[in-house]
There are 2 protein chains.
Amino acid sequence: MTKVIDITELILRDGHQSLLATRMAMEDMIPACEDIDKAGFWSAECWGGATFDACIRFLNEDPWERLRTFRKLMPNTRLQMLLRGQNLLGYRHYEDTVVDRFVEKAAANGMDVFRVFDALNDIRNIRRAVAAVQRAGKHAQGTICYTVSPLHTITGFVEMAERLLELGCDSICIKDMAALLKPQPAYDLVKAIKQACGEETRVHVHVHATTGVTMVSLMKAIEAGADCVDTSISSLSLGPGHNPTESLMEMLEGTPYSTRVDKKRLLAIKRHFDKIRPRYKEFLSNITGVDTEIFDSQIPGGMISNLESQLKQQKAGDRMKEVLEEVPRVREDAGFPPLVTPSSQIIGTQAVFNVMMGRYKVMTGEFADLMLGYYGETLGRRNRHVVEMANKQTNKQPIDTRPADLLKPEWQELRSAALAVDGCNGSDEDVLTYAMFPGVAPKFFPARAKGPKNLGKDPSSAPAPAPAPAPAAENGKGPVTTTITYDVKLNGHTHKVTVSPA
Amino acid sequence: MTKVIDITELILRDGHQSLLATRMAMEDMIPACEDIDKAGFWSAECWGGATFDACIRFLNEDPWERLRTFRKLMPNTRLQMLLRGQNLLGYRHYEDTVVDRFVEKAAANGMDVFRVFDALNDIRNIRRAVAAVQRAGKHAQGTICYTVSPLHTITGFVEMAERLLELGCDSICIKDMAALLKPQPAYDLVKAIKQACGEETRVHVHVHATTGVTMVSLMKAIEAGADCVDTSISSLSLGPGHNPTESLMEMLEGTPYSTRVDKKRLLAIKRHFDKIRPRYKEFLSNITGVDTEIFDSQIPGGMISNLESQLKQQKAGDRMKEVLEEVPRVREDAGFPPLVTPSSQIIGTQAVFNVMMGRYKVMTGEFADLMLGYYGETLGRRNRHVVEMANKQTNKQPIDTRPADLLKPEWQELRSAALAVDGCNGSDEDVLTYAMFPGVAPKFFPARAKGPKNLGKDPSSAPAPAPAPAPAAENGKGPVTTTITYDVKLNGHTHKVTVSPA
């Protein structure tokens with residue numbers, strides 16, 4: 001008798017988000033749905049912030065319709081989404097009733113499993129969403145963003161797991177978005193959670209493949225008692241993506257563990273995306289191998305390319321080394337947040353500002369907010385002097401309450417604004433789309449009737465391949481969002497600074 | 001206190017052989033040698049059949065000079081080579097004194113570690129070379145070619161290890177050229193060898209990355225007591241190549257194991273080959289992800305593309321499925337040899353012949369030799385009927401003696417023939433080059449004075465990239481050798497069949 005290890009298949013969300021800049025059209029996923037549904041996965045991750053964003057920004061596709069289609073095509077498999085806690089799928093904090101409404105609507109449209117995380121691991125930003133998931137009778141998965149710093153310890157992560165379970169979470173996810181989770185810590189962390197919270201606590205492990213060690217980490221997590229691991233079908237795996245599903249299955253042969261996935265279905269899924277992949281060549285991540293430098297720099301590869309392009313736009317490409325040295329300092333000043341969207345962009349951009357204009361002489365609004373507590377609490381204490389500077393530059397007061405506590409009920413206001421947009425169909429779903437992407441929805445709603453666009457190109461009809469484009473994704477995983485260019489004046493001199501929105 | 005795990009760095013041989021079709025010029029390796037020498041590797045693999053072949057066939061470079069240069073540039077690191085037992089670096093059996101001479105000269109020119117294998121795991125084909133290595137006072141590593149079949153068992157492999165140690169081998173290598181070694185068998189095999197042969201028996205593990213599971217297999221092998229593992233620097237790793245050196249090192253953090261490699265040196269080596277890699281784009285393997293189908297088909301990916309191109313040349317591309325089903329049958333009839341150069345080509349080509357012309361109606365000379373024992377003994381009994389057919393078609397008798405026992409002393413003859421070649425410098429090294437590559441040496445010797453060619457191209461000056469070429473390497477790992485076209489007559493009808501030389 002072997003212990004059955006469950007698998008969450010990522011291809012429909014994080015797989016193509018990490019490798020194809022989230023550009024895959026629904027049309028190219030539909031033919032694989034039956035095989036995915038019947039392959040025996042515990043869940044199919046298929047929805048999240050970046051896929052929602054890409055749907056309306058690039059694909060002229062209604063993300064709610066996408067969800068309903070998945071539901072129809074995959075009646076036997078749990079559908080799973082990644083939810084940014086109080087930020088929902090957007091980039092700011094939403095007032096509680098908006099959170100409630102979103103979760104209710106996602107559940108009503110077919111979502112089963114809500115993986116809820118907060119970029120700062122501030123549990124207060126997770127609480128409301130988890131309660132809403134419970135009310136909807138769905139599976140609430142509390143998430144620990146794994147990171148490495150002088151302050152992050154196994155003990156600290158276990159305490160977070162305990163607090164997530166106190167909220168009523170049905171399972172715990174260890175989310176290693178930067179591929180930092182090495183085998184021994186993976187073992188120790190899963191083991192410690194099981195010991196502290198009980199063997200019956202379901203532990204899911206999500207890792208990326210970037211550093212080349214995390215397949216081993218999955219093995220060790222399984223040995224320590226992990227119940228479910230995340231993988232992506234091999235034809236869209238590795239690099240900044242994930243470990244291959246088929247390899248995970250094969251890896252367990254002869255061990256005390258097994259999976260219940262159907263090899264023939266896996267092969268069919270693999271072959272389908274193997275055919276689809278070349279159509280998205282222009283979006284394909286140009287990171288293909290492994291990168292272990294992040295273990296020392298703590299700076300994800302995608303973030304480095306982001307910084308490089310910011311510096312180049314300012315004709316300061318030669319100052320990269322200073323910026324790379326500045327990032328860990330800024331992260332320390334900010335209380336060692338995990339580097340994940342949006343904190344990675346906020347920290348990175350501030351490091352560029354510091355190098356270009358003097359340390360904290362000019363802060364981005366987002367960095368000031370981070371220092372003043374408007375994103376939530378960080379594990380480390382934030383540098384008092386920098387907090388004071390943020391306070392002076394913005395005239396905003398530091399807070400220690402839950403950020404969303406400061407927000408007034410906003411549903412009616414959002415609803416009115418959404419309804420005023422040409423093409424809005426008046427549904428709560430459309431209001432939520434508008435609420436989360438107020439800059440994009442007004443372009444999407446009126447164009448919606450034209451139907452989805454497929455950005456994939458038949459490789460044979462494509463022109464001679466251009467040099468690989470700069471990685472479109474933030475950290476190799478976010479959506480390509482519009483960038484904002486600031487005109488920053490300092491000593492009468494204007495600097496153009498381009499920043500990806502947090 | 002942790003146990004130190006040694007590393008053999010593969011970049012100078014199997015790394016670029018597996019990923020760049022063995023085309024890397026010495027000039028592009030030289031700048032990395034100091035860092036490799038000082039990185040703390042147990043050994044640097046830098047010489048073998050394919051690199052020797054590619055030197056004289058494509059690079060107009062004297063492989064002996066390459067070896068001497070490595071010796072000069074890496075005084076602190078063991079130099080390691082892969083030796084095909086009685087076949088040396090060629091494709092036929094050599095008479096014993098030629099084997100002796102080759103090993104003596106390789107040692108004299110700087111080789112430290114001889115990894116000796118036989119494609120059929122016939123220990124009689126390994127014996128003489130091991131004795132010669134011992135006489136030269138160098139490290140003889142006896143090699144087990146790992147494969148999977150109904151007959152191959154842990155017990156059988158352990159017996160082979162015992163016999164290799166009886167020959168006086170200084171260490172045992174488990175060589176998994178097709179990435180078939182899963183984690184649990186890796187653990188079991190290493191553990192069983194240590195238990196049977198003593199903990200002090202050095203066990204080295206060589207795996208490819210193709211199937212995506214072997215990084216975990218390395219971890220398990222280490223847990224079972226493996227002393228040294230083979231990896232390649234990350235910028236030339238993965239796909240049909242190997243697991244990345246840096247990832248291996250990082251993987252062990254916090255475990256009871258560690259390495260003694262220097263991270264800064266690894267980074268320098270990585271960056272160097274990261275720069276070099278794009279220059280060889282046209283030779284780069286087009287297999288980048290993982291392939292787990294081989295676990296079921298037993299047919300390595302590179303062998304499949306070989307079969308495909310053979311079928312296409314005969315306008316029979318639609319018969320691939322039959323051929324894929326025929327391969328395991330032919331392998332069984334041949335006594336379940338491991339599928340590695342040259343047995344993979346011999347089996348594959350015969351499967352094509354069987355499908356095209358009727359089962360064993362026409363045999364290649366190589367397949368007949370294999371059936372008749374001229375390559376040595378296989379683990380399984382060979383199909384008696386097929387042996388009889390081979391006997392009839394070739395008029396050669398089946399043998400059960402060691403193949404090289406049939407050979408008469410041939411050094412003088414080889415020497416005379418080599419000296420007759422324009423440009424031969426009369427050294428034993430030149431005679432050996434001629435002996436192993438009699439078809440190529442006569443072109444190389446007269447051209448040698450022109451100096452080495454570098455097939456790498458500055459990516460910016462290169463024309464628009466062409467569609468990825470068919471994989472140049474056999475099984476993604478061999479050199480591109482000239483192919484032989486047979487005119488096969490059957491019922492008055494002539495078939496053109498192209499075969500890669502065995």
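**Figure 1. A close-up of Asn395(B), an exposed loop residue in a predicted model.** Welcome to the first view, which sits in chain B of this predicted model. Asn395(B) has 7 other C-beta atoms within 10 Å and is therefore exposed, since the cut-off for that class is 12 or fewer. The loop that holds Asn395(B) runs between helix H17 (384–394) and H18 of chain B. If you check the backbone here, you will find a positive phi of about 60°, although Asn395(B) is not a glycine.

**Figure 2. A close-up of Tyr360(A), a buried loop residue with a positive phi.** This view moves to chain A, to the loop between helix H15 (343–357) and helix H16 (365–372). Phi of Tyr360(A) is near 65°, again a positive value in a residue other than glycine. Is Tyr360(A) buried or exposed? Tyr360(A) has 21 C-beta neighbours inside 10 Å, so it counts as buried; the cut-off for that class is 20 or more.

**Figure 3. Helix H19 of chain B and the helices that cover it.** Here the subject is helix H19 (residues 428–436) of chain B. Eight of its nine residues are buried, so H19(B) is largely enclosed by the rest of the structure. Following the helix along, the buried residues are Glu429(B), Asp430(B), Val431(B), Leu432(B), Thr433(B), Tyr434(B), Ala435(B) and Met436(B). Which helices help to cover these buried residues of H19(B)? The cover includes helix H3 (49–57), helix H4 (63–73) and helix H5 (96–108) of chain B, and helix H18 (411–419) and helix H20 (441–447) of chain B are also part of it.

**Figure 4. Strand E3 of chain A with its parallel partners E2 and E4.** Strand E3 (residues 43–47) of chain A has five of its five residues buried, so the rest of the structure largely encloses it. To one partner, strand E2 (residues 6–9) of chain A, E3(A) is joined by two bridges, and these strands run parallel. The pairing with strand E4 (residues 78–83) of chain A is also in the parallel sense, over four bridges. A handy residue to follow is Ala44(A): this residue of E3(A) is the bridge partner of Glu9(A), and in E4(A) the bridge partner of Ala44(A) is Leu79(A). While you trace the strands, keep in mind that in a regular strand the side chains alternate between the two faces of the sheet.

**Figure 5. Strands E6 and E7 of chain A, a parallel pair.** Strand E6 (residues 139–145) of chain A pairs with E7(A) in the parallel sense over five bridges. To find your place in the pairing, start from Gln141(A), which stands opposite Ser171(A) in E7(A). Strand E7 (residues 171–176) of chain A is mostly covered, with five of its six residues buried.

**Figure 6. The contact between domain 1 and domain 2 of chain A.** The domain assignment of chain A gives domain 1 as 3–283 and domain 2 as 294–405. Between the C-alpha centres of these domains of chain A there are 27 Å. Where they meet, 26 residues of domain 1 are in contact with 23 residues of domain 2. By class, the domain 1 side of this contact has eleven nonpolar, ten polar and five charged residues.

**Figure 7. The contact between chain A and chain B.** How many residues does each chain bring to this contact? Chain A gives 29 residues and chain B gives 29 residues. On the side of chain A that touches chain B, the elements that give two or more residues are helix H8 (183–197), helix H9 (214–224) and helix H10 (245–251). The largest share, four residues, comes from H10(A). This side of chain A divides into 13 nonpolar, twelve polar and four charged residues.

**Figure 8. The axis that relates chain A to chain B.** A turn of 180° and a shift of 0.0 Å along the axis lay chain A on chain B with an RMSD of 0.0 Å. What you have here is the relation of a two-fold axis. Within chain A, the C-alpha nearest this axis belongs to Val216(A), at 2.5 Å. The same surface serves both copies, as 100% of the contact residues of chain A recur in chain B.

Notes:
Residues numbered from 1 in each chain as written. Chains lettered and ligands numbered in written order. Predicted model: local features only at pLDDT ≥ 70, side-chain atom pairs only at ≥ 80, totals over all residues. Contact = placed C-beta atoms within 7 Å. Nonpolar A, V, L, I, M, F, W, Y, C, P; charged D, E, K, R; others polar. Domains from an automatic or database assignment. Least-squares fit on C-alpha atoms with pLDDT ≥ 70 in both. Pairing = 2+ DSSP bridges.
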